[in-house]
Amino acid sequence: MKTCDIPTSRKLENRGMRWVMGAFVFCPCHLPITLSVLALLLGGTAAGVALRAHPFIAGAMVTLLWVAGTWRGFALMRSARKYAV
């Protein structure tokens with residue numbers, strides 16, 4: 001039987017930092033680069049057509065992804081301070 005590993009404050013802080021660094025890729029200041037890479041990767045697919053037809057909606061979705069990732073990272077780092085011994 002497998003038991004759950006209770007995360008330490010250090011693990012929570014590291015996980016939060018990884019979330020923030022990962023969200024940095026989707027930062028709105030990188031939006032032209034992000035949309036270009038997505039168009040390149042999705043070219044020739046239905047998702048690529050939707051991306052090209054609706055760039056503002058795609059930009060809004062990427063921005064929401066950035067906000068959610070950043071929020072999650074800071075929430076994990078905040079909980080690491082809360083559970084620090």
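Okay, let's start on the outside: Ile-33, Val-37 and Leu-41 make a nonpolar surface patch of about 310 Å². For patches, we take residues with over 30% relative accessible area and no salt bridge, joining nonpolar side chains (Val, Leu, Ile, Met, Phe, Trp, Tyr) within 5 Å and like charges within 9 Å. A salt bridge here is a side-chain nitrogen of Lys or Arg within 4 Å of a carboxyl oxygen of Asp or Glu. Areas are Shrake-Rupley with a 1.4 Å probe, and for residues only the protein chains shown count as cover.

Before I go on, this is a predicted model, where local features need pLDDT of at least 70 and side-chain atom pairs count only at pLDDT 80 or more, while totals for chains, interfaces and linings use all residues. Residues are numbered from 1 along each chain as its sequence is written, and side-chain values use heavy atoms, with hydrogens and water left out.

Back to the patch. Ile-33 sits in helix α2, and at 55% relative accessible area it's exposed. The cut-offs are under 20% for buried, over 50% for exposed, and partly exposed in between, with a 1.4 Å probe and protein chains only.

Now, which residues make up the largest nonpolar core? Leu-31, Leu-35, Leu-51, Ala-58 and Val-62, so 5 residues in all, where a core means buried Ala, Val, Leu, Ile, Met, Phe, Trp, Tyr and Cys residues joined through side-chain atoms within 4.5 Å. Helices α2 (31-42) and α4 (55-82) each give at least two residues to this core. Leu-31 itself, leaving aside neighbours within four places in sequence, is in contact with Gly-59 and Val-62; contact is heavy atoms within 4.5 Å.

Just ahead of that, Cys-27 lies in the loop between α1 (9-24) and α2. Cys-27 counts as buried, at 11% relative accessibility. Its C-alpha is 16 Å from that of Gly-16, 11 residues away along the chain.

Zooming out, the chain has 4 helices and 0 strands, as DSSP runs numbered from the N terminus (H or I, at least four residues; E, at least two). The radius of gyration is 17 Å, well over the 12 Å from the globule rule for 85 residues, so the chain is more spread out than a compact globule. That's over C-alpha atoms, and the rule is 2.2 Å times the number of residues to the power 0.38. The C-alpha trace spans about 50 × 35 × 15 Å along its principal axes.

Last bit: 24% of the 85 residues count as buried.
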